[in-house]
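The following exercises are to be worked with the sequence and the 3D structure at hand. Each task is followed by a stepwise solution.

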Amino acid sequence: MTSSLPKLLTHMAWADRRTLDALRAMREPPAQAVDLFAHILAAQHVWSRRIAATSAAYEIWPRLSLDECERLAAANQLAYASLAAADQDMLTRTVRYTNSSGSAFETPLLDILLHVTHHSMYHRGQVSLLLRAAGGVPVGTDLIVFLRE
């Protein structure tokens, strides 16, 4: 699994970019889709900050413009690029954090990174459904599409 991690994190940034492009392609993207996309990016941010043991600059459900989403996606990509190069010892280290409800947890870094990539995939699918329902054209963000490119 650890050998696939860099690929999964690179895919996450690629898929976020494609999703942003699909939202921008609509004259007026559905507010719910933009909010959900902002949630994806904010969750990535929050987890990267938990990993770094620093305070998050965003709430888990922020209201962001597409320009703000673009800036956050770029910052997230930088944060996760260094984690993609982590060695096995680092990936097994335990991250101590407090969730948004105030509960304390300890989780191996690898498990957190897998959660972040899967959480993002799950919600990008929901964004695609909202785009289609509003007459937009969702883009393929599946891992296999990324791998083929």
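**Exercise 1.** Leaving aside its neighbours within four places in sequence, which residues is Arg124 in contact with?

*Solution.* The model is a predicted one.
Step 1. Place the residue: Arg124 is found in helix 5, which spans 109–133.
Step 2. List the partners: Arg124 is in contact with His11, Met12, Ala15, Asp16, Thr19, Ile40, Gln44 and Thr141, once neighbours within four places in sequence are left aside.
Step 3. Classify the residue: buried means under 20% relative accessible area. Arg124 has a relative accessibility of 1%, and therefore counts as buried.

**Exercise 2.** Describe the largest pocket by its volume, its lining and the elements that contribute to that lining.

*Solution.*
Step 1. The volume of the largest pocket is about 220 Å³.
Step 2. Its lining consists of 16 residues, of which Met12, Ala13, Ala73, Asn76 and Gln77 are the closest to the centre.
Step 3. Two or more lining residues come from each of helix 1 (5–25) and helix 3 (66–84). Helix 3 provides the largest share, 8 residues.
Step 4. By class, the lining of the largest pocket comprises 9 nonpolar, 4 polar and 3 charged residues.

**Exercise 3.** Which residues line the second largest pocket, and which element supplies the largest share of them?

*Solution.*
Step 1. The second largest pocket has a volume of about 180 Å³.
Step 2. The residues lining the second largest pocket are Val46, Arg49, Arg50, Thr54, Ala56, Tyr58, Glu59, Ile60, Tyr97, Thr98, Asn99 and Ser100.
Step 3. At least two lining residues come from helix 2 (31–52), and likewise from strand 1 (94–98). The largest share, 3 residues, belongs to helix 2.
Step 4. This lining divides into 5 nonpolar, 4 polar and 3 charged residues.

**Exercise 4.** Analyse the pairing and the two faces of strand 1.

*Solution.*
Step 1. Strand 1 pairs with strand 2 (residues 104–108) in the antiparallel sense, over 5 bridges.
Step 2. Two of the partnerships may be traced: Thr94 has Pro108 as its bridge partner in strand 2, and Tyr97 has Phe105.
Step 3. In the hairpin formed by these strands, 5 residues lie between them, and Gly102 takes a positive phi near 95°.
Step 4. The covered face of strand 1 consists of Val95 and Tyr97, whereas Thr94, Arg96 and Thr98 make up the uncovered face.

**Exercise 5.** Which members of the largest nonpolar core touch the most other members, and which elements give two or more residues to this core?

*Solution.*
Step 1. The largest nonpolar core has 19 residues, and those touching the most other members are Leu9, Tyr80, Leu91, Leu109, Ile112 and Leu113.
Step 2. Helix 1, helix 2, helix 3, strand 1 and helix 5 each give two or more residues to this core. The largest share, 6 residues, comes from helix 5.
Step 3. With residues up to four places away in sequence not counted, Ile112 touches Trp47, Ile51, Val95, Tyr97 and Thr107.
Step 4. There is also a second, separate core of 18 residues, including Ala33, Leu36, Leu41 and Cys69.
Step 5. As general background, nonpolar side chains in soluble globular proteins tend to be buried together.

**Exercise 6.** Where does Ala53 lie, and is this residue buried or exposed?

*Solution.*
Step 1. Ala53 lies in the loop between helix 2 and helix 3.
Step 2. The threshold for exposed is over 50% relative accessible area. Ala53 has a relative accessibility of 68% and so counts as exposed.
Step 3. The phi of Ala53 is near 60°, a positive value in a residue other than glycine. Most residues other than glycine have a negative phi.

**Exercise 7.** Determine how Leu130 and Glu68 are placed with respect to residues elsewhere along the chain.

*Solution.*
Step 1. Leu130 is found in helix 5. Residues up to four places away in sequence not being counted, Leu130 touches Pro30, Gln32, Ala33 and Leu36.
Step 2. Leu130 and Tyr58 are 72 residues apart along the chain, and their C-alpha atoms are separated by 24 Å.
Step 3. Glu68 is found in helix 3 and is partly exposed, with a relative accessible area of 32%.
Step 4. Glu68 and Ala38 are 30 residues apart in sequence, and the C-alpha to C-alpha distance between them is 8.6 Å.

How values were computed
Residues are numbered from 1 along each chain as its sequence is written. This is a predicted model: local features need pLDDT of at least 70, side-chain atom pairs count only at pLDDT 80 or more; totals for chains, interfaces and linings use all residues. Side-chain values use heavy atoms; hydrogens and water are left out. On a 1 Å grid over the protein atoms alone, a cavity is a set of points where a 1.4 Å probe fits but cannot get out, and a pocket is an open set with protein on both sides within 12 Å along at least five of seven lines; lining residues have an atom within 4 Å of a point. Grid points are joined across faces, edges and corners, and a volume is the space filled by probe spheres set on the points. Helices (H or I, at least four residues) and strands (E, at least two) are DSSP runs, numbered from the N terminus. Ala, Val, Leu, Ile, Met, Phe, Trp, Tyr, Cys and Pro count as nonpolar, Asp, Glu, Lys and Arg as charged, and the others, Gly among them, as polar. A nonpolar core is a set of buried Ala, Val, Leu, Ile, Met, Phe, Trp, Tyr and Cys residues joined through side-chain atoms within 4.5 Å. Buried means under 20% relative accessible area, exposed over 50%, partly exposed in between (1.4 Å probe, protein chains only). Contact means heavy atoms within 4.5 Å. Two strands pair if DSSP finds at least two bridges between them.
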